[in-house]
Structures are given as structure tokens and as C-alpha cells.
Amino acid sequence: MAHSGVRTSVRVVVAGDHGTGKSTLIASAASESFPENVPLVLPPTRLPADFYPDRVPVTIIDTSSSFENRGKLVEELKKADAVVLTYACDQPTTLSSLYTFWLHELRRLELKVPVIVVGCKLDLRDDHQPMSLEQVMSPIMQQFREIETCIECSAASLIQVPEVFYYAQKAVLHPTAPLFDQEMQTLKPRCIRALKRIFILCDQDMDGALSDAELNEFQVKCFNAPLQPAEIVGVKRVVQEKIPEGVNNLGLTLTGFLFLHALFIEKGRLETTWTVLRKFGYDDDIKLRDDYLPVSFKRAPDQSVEMTHDTVEFLRGVFSLFDIDNDGALRRSELDDLFSTAPESPWDEAPYKGAGEENALGGISLNGFLSEWALMTLLDPSRSLANLIYVGYAGDPASALCITRRRHIDRKKQQTERKVIHCYVFGPKNAGKSAILNSLIGRPFKGNYTSTTDECYTTNVVDQLKGNRKTLLLREIPEERVEKLLSSKDALAACDVAVFVYDSSDELSWKKTTELLVEVARHGEESGFGVPSLLVAAKDDLDPFPMSAQSSTKVSQEMGIEPAVPVSVKLGDLNSVFGRIIAAAEKPHLCIPETDVGRSKKQYREFVNRSLLVVSVGAAAVVVGMTAFRAYASRRNTSG
């Protein structure tokens, strides 16, 4: 069990063949003596917090290997933080059973927990057994990497009994797998990235090395105790002997810092590296814990999250810092270096991969860089904030991002303050949606058609008149995904503008697009999340289908939106379509399409409201008249 990434208890399940000494092992560990009479299966046994140095209590669950108790065994195994598998040192068949049944069974159950293999009844083993524990277990551990430790013990002689559950607890609190690749005998990439970030944070003078004073400060922060001068000398000597570049005249280098941690892990001192990681806010997955990201992004469906001005300026500085060759773009190696202190590069997969503007060599421009951050902030603000901190943002996390005003308020105020415009792009297959998305990021036109089956994004900064700049996010909705999208009441809540693209040379494409327009408009009317909409007549370089202009004008007028915008991506004639999208978003009360049903309902509501107004005015007049009559009558009575 963990709270804010810090474990408050460890649950260990003991399993193995019948008669291997499971219950006796547990009872002797708890009582620190050899029990004479032990029940077949013990109730849960608790080792208190002060039993082991980490001061975390351990709950040990005994199990039965009988067939009739199979369901209970599986249930307990699935709740385990660690599993102890037992065999009897005097019964070789029980050891065989470990790798022919038990270890395969744990894999079948898809358990992702450390395993401790324990040989019980060491005092009964035949002394003439030729093979050592290491010789026996080494090939098994090669095959089953989930085995953390192997140990032999004797409850009768009280040999290495407490150590069994110490190793189980340690494997949970200080696991090897996230830190170290046993096969390659190297630190894992995510561990290296975290330690690099910690090194940079501790290198306060930014000279690329930890001085004696910086090392001491690091030691006090992590372990609450300073290093003596002789200890610092000793540490640096160990590093220099093994890896000369690990130390220079300024102090311990990053290479030396990483080497030290690899050395601790190889010597079984994983708690040292885990203590460092946890002091700097990392969880068991070597990501920042939730309590290090204490910002709530709870918001209404029609609100979004954006970066503040100061955050954008911070990212501009980061871009300049890593643009080593000053070419105005971050090459792949430069971007990898920028994110080398994050668990991984956040833009290596959809929907971020390839969503921003790149140059011919694959380098991402400043606009592309800032737009990718804007996209990540909108789709996953917690991830955006975490990555800001990973790359060096040191400000108040609560001030890094902001939640926008609700869209329905924007409509009432007839303006929006949003700097990031989220546009949904609808249209049938082969209408030209992807070509428009690609043109936003300067990707050249491709004549060959490839159907888009998954939603995808492109994003870029669009310059407006008077130096105004907005970030535009285009989200392509494939035709077959529309029904699923609109099955949610809040489907359009996150949308600032809806664009409907059709092939202007294909009448069927136009008909499908009008159907989509009506469908989306109806959803907006029913959900209360109607959005400004634009028609885009793509492939304007081809001959239009008969009556194309008349059909388009008729639908535009009937639904109360602007006429279709003709574009030809092939000829590079985009007709300011991206500026038009942003202009539509800036007037959120206009160009919201109306269906016949929606218009009738609106007219009915207006009629009812007018009627109520007339009634209320009439009632007010009656009240005024009655008041005047009473006053007149009162005066008559007084004068009489």
C-alpha cells in the first residue's frame, strides 16, 4: 500500500508445494523461535514497523497449495506486493516444481511483483549434495528475471529466517527492476535521466561538476548527515580509480555520479539510490509523485488549459539554450538532450509525434516547439506540468498553467480570451482534410491518397493582423469516428471552431459533408455546445461539380454560416483559411449553424419569452392601476 508514492505497508504472499515449510517459516519469523505445532494455514501475520530498519510493517499471507483452495491462492497472489516461493532443501522435487509450475503460474497470472525464492529446512539437507545454491539457481534466475533474491534458511535452527522477509520487503521498497538492467549490468535509461536531473539541480554553480560543498549539501538533503572531508576524498578516489573522467579539478562529474549509483546497486545497496530518488520526488516508476504536482486541473467540459505568458517565455529560453547551432530549429539530438532529464521524450508518440512544424532536416522550429507544448497542455495538462518541471521550470507549479473562461460565457460576452484555438476538422474520406492539416505545418502536398483511420493533430502559431498571434490546433476526425465522437454529450464542449471539408469536384463528397454539418449542428443544439462552423471547398484546382456554388450558398444561408472558403492545397492557395478559422473563434456567438428543428425551437422560445414579457408588463400595469385606485378611494374616504 502506498500513500503519495510512499509505501505505508508491504504485503507478502508465501506460496509453494505442500510440506515445504511455509507456515513454519512464517511462525518462526514472527515469534523468533521454532514453533512445535503449526496449523496447516496460518491467519495473516503482521511484522510491526520496528521489525526492520525501513520501519514499514509487513503483512505475511500464508497459502494452501491444495486444489480446492486454488481460487483463494490466486486471489491472494493478485493482491501481493511480493511473493515468497518455497521449496524444501531435503526434497529436490519441490525445487523442480518451482520452475516447472510455480514461476510459470505467476507469469500466467501476469503478476508484476518481485519474487524471493526460499529453500526451507536447510538443516535437513543432505550434506553430500554437490551443487551450491548459486549453481542451482543461476540458470533459473537467468530465465525468470522477476526473481529478486534466492536464500536458504532453517526455521529449526533459526538460520536466516528474518532475512527472508527483509529481502521481500526490500524488493518492494527498493526494487531493482526500475533502476538496473541485470542482463546488461547497466543503469536503466529512466534511472539515468532522473539522476541527471538531480545532478543538475545540485550543481548550483552550473560548472558541470559537484564541488565538495555541493556534494555535502546533497548528502545532507538526502541522508540528513554531512560527509567528512576524508569521506569525500575517499568517494572521489574510488570513482577516479575505476573511471578517470568521473572526477575533474572542479569535482565529481555526471559520469562519476552515475557510476557511484551503479556501484551502490551492484553491491546490493539499492536503498541508497532509492533514498536519493525519493528525496527529489520520484515514485516507483521513476516519475514525479503526485504530491510534487499539487495542481488540480478540474474544469468544466467547455474550459481548456493554456500556458501562462511567463511559461511561454521560459520555454523560449529553453529553446535558445538547446539550439546549440543557432539555426532556429532543434535537431533530433538537441531535442533529445532537452528532454534527457524527463522519463522519456513526451513527443515520440501520437498525438504529438509529427504534429509541429519541422524544417527539411527534421528540426522543430520555435513555433513548432511552442505549439507542441500548447497541444500537450490542452490534452494532458498534468503531463505538460510534469515535463516543464523535468526540463528545469523552477517557478510555482500553480502559476505555470491557467484554466480558460467557459465557452458559453465567451458566447454571451461575444469574444474570447483564448490564445489556443481548438478546431475540429470534419469531412468524408478523400475530401482533403489531411492535406489541410499538413499545410498548417508547412508539410508539402502529396498527390497519393492515404486514408486516415485515427484522429490526428497538427498545430502551429498563426499571425493575425495588428501583430496578434494565436496557436491553432487542428484535430482531424475521420468520417467513421464521427458517430462515436458524437455519442458523448460533451463531444463539442472542447471545440472552438468546427470546419467541414469537402471535395469541390465531387457531388457525393458535398452531400456527405452537408449531412455531417447537420449532424454536428443538431448535436450542438441538443447539448448546448453549438460551435462556430466553416465550410471549406477543397481541391479548388479541379472543375467543380454542377451547381456546386449554388448548393454551397443555399446551405450556408439556410444554416446561418459564412459561404464556403475555396482552397487548393496543391496550388498552395489556402485563401487565408487558418486566419478565417481564428477569426470565427474570436466571435464565438456568430456562424453557429442552425437546423430547421433548432430554428423552430429557438423561435418558439423567443415567442414564449415575448409572451411572458407582455404578460408581466400587463400584470405590472394592473398592479399600478389598482394601487392608484386604492389611493384615490382612500383620499375620498378621508375627505368624506
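## A tour from loop to helix to whole chain

Start by selecting Asn224, which counts as exposed at 61% relative accessibility (over 50% is exposed, under 20% buried, anything in between partly exposed; 1.4 Å probe, protein chains only). This is a predicted model, in which local features need pLDDT of at least 70 and side-chain atom pairs count only at pLDDT 80 or more, while totals for chains, interfaces and linings use all residues. Residues are numbered from 1 along each chain as its sequence is written, and side-chain values use heavy atoms, with hydrogens and water left out.

**Stop 1: two positive phi angles**

Stay on Asn224 and check its backbone: phi is about 55°, a positive value although the residue is not a glycine. Asn224 sits in the loop that runs between α7 (212-223) and α8 (229-242). Helices here are DSSP runs of H or I with at least four residues, strands are runs of E with at least two, and both are numbered from the N terminus.

Now select Glu32. What is the sign of its phi? Positive: phi of Glu32 is near 55°, and Glu32 is also a residue other than glycine. You will find Glu32 in the loop between α1 (22-31) and β4 (45-47). With 57% relative accessibility, Glu32 counts as exposed.

**Stop 2: a cis peptide bond**

Select Ala350 and Pro351 together. The peptide bond joining them is cis, with omega at about 5°. Pro351 belongs to the loop between α12 (332-338) and β16 (364-365).

While you are in this part of the sequence, colour residues 310-345, where UniProt places "domain: EF-hand" (unreviewed entry). UniProt positions follow the numbering used here, feature names are shortened, and annotations may be inferred rather than shown by experiment. The 310-345 span is 56% helix and 6% strand, and its end C-alpha atoms are 23 Å apart.

**Stop 3: a histidine in α9**

Go to His261, in helix α9 (residues 254-266). Is its side buried or exposed? His261 is buried, with a relative accessible area of 3%. Show its surroundings: setting aside neighbours within four places in sequence, His261 is in contact (heavy atoms within 4.5 Å) with Leu187, Leu195, Thr273 and Val276.

**Stop 4: the Miro annotation and α18**

Next, colour residues 7-174 and 418-587, which the UniProt annotation "domain: Miro" (unreviewed entry) covers. In 418-587 the end C-alpha atoms lie 11 Å apart, and the span is 33% helix and 22% strand.

Then select Glu507, in helix α18 (residues 507-527). Glu507 counts as partly exposed, at 37% relative accessibility. Draw a distance from its C-alpha to that of Asp284: the two residues are 223 residues apart along the chain, and these atoms are separated by 57 Å.

**Last stop: zoom out**

Show the whole chain as a cartoon, with its 21 helices and 23 strands. The radius of gyration is 35 Å, well over the 26 Å that the globule rule gives for 640 residues, so the chain is more spread out than a compact globule. That radius is taken over C-alpha atoms, and the rule is 2.2 Å times the number of residues to the power 0.38. Along its principal axes, the C-alpha trace spans about 115 × 80 × 60 Å.

Of the 640 residues, 46% count as buried. Among contacts with a separation of 6 or more, 71% come from residues 24 or more positions apart.
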